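Work through the exercises below with the model in view, and try each task before reading its solution.

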Amino acid sequence: MRFTPLVVAASLLAAGSAIAGPCDLEIESNDAMKFNKDSLAVPASCKKVTLKLVHTGKMPKVAMGHNWVLVKTADMQAVATDGIPAGADKGYLKPGDARVLAATKLIGGGESDTISFDTTKLKAGEAYSFFCSFPGHVGLMKGTFALTK
Ligand code: ZN
């Protein structure tokens with residue numbers, strides 16, 4: 001597994017001055033089973049966050065589907081494991097799973113999905129992570145999500 005701390009630091013800095021606004025996030029996923037960011041952050045002043053997931057690859061959803069799922073870091077592995085039996089139609093998430101704080105739909109190459117979610121249910125000081133719940137992807141496709149002051 002590769003980590004790129006410099007890129008993380010740069011993306012954190014850029015988040016505050018992004019053209020789309022500090023409450024709007026965009027993240028890409030690809031055919032190499034990777035997100036292009038391993039951390040995301042929004043100011044705690046954002047009541048609503050908009051997140052756009054883009055799949056820049058060409059592979060179909062059945063082979064290389066991706067979604068973006070927000071959970072407490074402590075819940076991530078269990079949510080991923082419990083989601084596998086739900087199947088592709090449910091985006092590999094257990095229906096009604098209260099541990100899922102936000103999730104895009106599962107998309108394939110060339111597709112995108114945009115969601116918006118409330119930050120009022122997120123607590124300052126809690127550790128949050130995002131990941132892809134497609135079976136086997138959580139090992140590589142994950143990152144941290146933070147509310148910043
Ligand atoms: Zn994936």
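**Exercise 1.** Determine which strands H3 lies across, and at what angle H3 runs to E7.

*Solution.* H3 lies across E4, E7 and E8, and runs at about 35 degrees to E7. Contact here means heavy atoms within 4.5 Å, and the axes are lines fitted to C-alpha atoms, for helices over the stretch in contact, with angles that run from 0 to 180 degrees between N-to-C directions. The labels H and E refer to DSSP runs numbered from the N terminus, with at least four residues for helices (H or I) and at least two for strands. Before going on, note that this is a predicted model, in which local features need pLDDT of at least 70 and side-chain atom pairs count only at pLDDT 80 or more, while totals for chains, interfaces and linings use all residues. Residues are numbered from 1 along each chain as its sequence is written, and side-chain values use heavy atoms, with hydrogens and water left out.

**Exercise 2.** Find the order of the strands in the sheet, and name its edge strands.

*Solution.* Five strands form an open sheet with mixed pairing, in the order E2-E8-E7-E4-E5, where two strands pair if DSSP finds at least two bridges between them. The edge strands are E2 (39–43) and E5, each of which pairs on one side only. Between E2 and E8 the pairing is parallel, over five bridges, and valine 42 has leucine 147 in E8 as its bridge partner.

**Exercise 3.** Classify the ring pair of tryptophan 68 and phenylalanine 130, and say which parts the pair ties together.

*Solution.* The structure holds six aromatic pairs. Rings of Phe, Tyr and Trp (its six-membered ring) pair if their centres lie within 6.5 Å, and planes under 30 degrees apart count as stacked, over 60 as edge-to-face and the rest as tilted. The centres of tryptophan 68 and phenylalanine 130 are 5.8 Å apart and their planes stand at 20 degrees, so the pair is stacked. Because tryptophan 68 lies in the loop between helix H2 (61–64) and strand E4 (69–72), and phenylalanine 130 in strand E7 (residues 128–131), the pair ties together parts that are 62 residues apart in sequence. Tryptophan 68 counts as buried (under 20% relative accessible area, with exposed over 50% and partly exposed in between, for a 1.4 Å probe and protein chains only), at 0% relative accessibility. Phenylalanine 130 is also buried, with a relative accessible area of 0%.
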